[in-house]
Amino acid sequence: MTNATPAVHGATVDDQTRCIHYRTELDVVAIRFACCDRYYPCHACHAESETHPARQWPRDAGGEHAILCGVCRTELTIDAYRATDDCPACGAAFNPGCRLHAHLYFED
C-alpha cells in the first residue's frame, strides 16, 4: 500500500472511478493492470488507452495491492477484493457483476 493516492487512467466520469463503460452507483473500483502498473476503471478503458494487450494477474499475486476503492481511495489486495462485496475500510458496496469479468484481470 502506498501513501500517495494512485492516478486512475481512462475515460472516468467522476472522482469515484466510474467510467463511460461502467457507471452505476456500485462501480467504484479501479484495477491496477499487471501489464502496465496503471489503474483503470475497467478492461475497456485499458484497451482504449494502451497500445499493449492487458495481462492478467497470476494466481500467486493475491497479496498485490491492485484494487482501488473509488470512495475512500484504499488500495486492497487482490485476495481481499475477491473475498468481499464491499470495501473493508469504508463499507462502500462493490458491483457484484464485476465477478463476471474477473477472468480478464486475474488468472483462475
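Select Phe33, Tyr40, Tyr105 and Phe106 to begin: these four residues form one aromatic cluster. Keep in mind that you are looking at a predicted model.

**Stop 1: the aromatic rings**

Stay with the rings for a moment. The structure holds four aromatic pairs. Pick out Phe33 and Tyr105 from the cluster. Their rings meet edge-to-face, at 5.6 Å centre to centre and with 75 degrees between the planes. Now colour by element and see where each ring comes from. Phe33 sits in the loop between S1 and strand S2 (39-40), while Tyr105 belongs to helix H3 (residues 102-105), so this pair ties together parts that are 72 residues apart in sequence. Show the surface next. Phe33 is buried, and Tyr105 is buried too.

Move to Tyr81 and Phe94. Here the ring centres are 5.7 Å apart and the planes stand at 50 degrees, so the pair counts as tilted. Tyr81 is part of helix H2 (residues 78-82) and Phe94 lies in the loop between H2 and H3, so the link ties together parts 13 residues apart in sequence. Both Tyr81 and Phe94 are buried.

**Stop 2: the whole chain**

Zoom out and switch to cartoon. You should find three helices and four strands. Trace the chain from the N terminus: the elements run β-β-α-β-β-α-α. The radius of gyration is 12 Å, close to the 13 Å that the globule rule gives for 108 residues, so the chain is as compact as a globular protein of that length. Turn the C-alpha trace along its principal axes, and it spans about 35 × 30 × 30 Å.

Colour by accessibility. Of the 108 residues, 40% are buried. The chain exposes about 5800 Å², and carbon and sulfur atoms supply 49% of that area. Then consider contacts between residues at least 6 apart in sequence: 46% of them join residues at least 24 apart.

**Stop 3: the sheet**

Select the four strands. They make an open sheet in the order S2-S1-S3-S4, with antiparallel pairing. S2 and S4 are the edge strands, each pairing on one side only.

Walk across the sheet, starting at S2. Two bridges join S2 to S1, and the two strands run antiparallel. Label Arg32 and Tyr39 to see one of the contacts: Tyr39, in S2, is the bridge partner of Arg32.

Step on to the next pair. Strand S1 (residues 29-32) and S3 are antiparallel, with three bridges between them. Label Val29 and look across to S3, where Cys69 stands opposite.

Pause on S3 itself, residues 65-69. Four of the five residues in this strand are buried.

Finish at S4 (residues 75-77). S3 and S4 run antiparallel and are joined by three bridges. Select Leu68, then its bridge partner in S4, which is Glu75. Follow the backbone round the hairpin of S3 and S4. Five residues lie between the strands, and Arg73 takes a positive phi near 70 degrees.

**Stop 4: His101**

Go to His101, in the loop between H2 and H3. Is this residue buried, exposed or partly exposed? At 23% relative accessibility, His101 counts as partly exposed.

Show what surrounds the side chain. Setting aside neighbours within four places in sequence, His101 is in contact with Tyr22 and His43. Draw a C-alpha to C-alpha distance to His43: it reads 8.5 Å, although His101 and His43 are 58 residues apart in sequence.

**Stop 5: the cysteines**

Display the cysteine sulfurs last. How many disulfides are there? With a disulfide taken as two cysteine sulfur atoms within 2.5 Å, the count is zero.

Select Cys19 and Cys42. Cys19 is in no disulfide, and its nearest cysteine sulfur, that of Cys42, is 3.7 Å away. Cys19 is buried, with a relative accessible area of 0%.

Then select Cys87 and Cys72. The sulfur of Cys87 has its closest cysteine sulfur in Cys72, 3.7 Å away, which is too far for a bond. Why does Cys87 count as buried? Its relative accessibility is 2%, and buried means under 20%.

Note on methods: Residues numbered from 1 in each chain as written. Predicted model: local features only at pLDDT ≥ 70, side-chain atom pairs only at ≥ 80, totals over all residues. Heavy atoms only, no water. Buried < 20%, exposed > 50% of the residue type's maximum accessible area, 1.4 Å probe, protein only. Pairing = 2+ DSSP bridges. Phe/Tyr/Trp six-rings, centres within 6.5 Å; stacked < 30°, edge-to-face > 60°. Rg over C-alpha atoms; globule rule 2.2 N^0.38 Å. Contact = heavy atoms within 4.5 Å. Areas by Shrake-Rupley, 256 points an atom, 1.4 Å probe, with all protein chains shown as cover.
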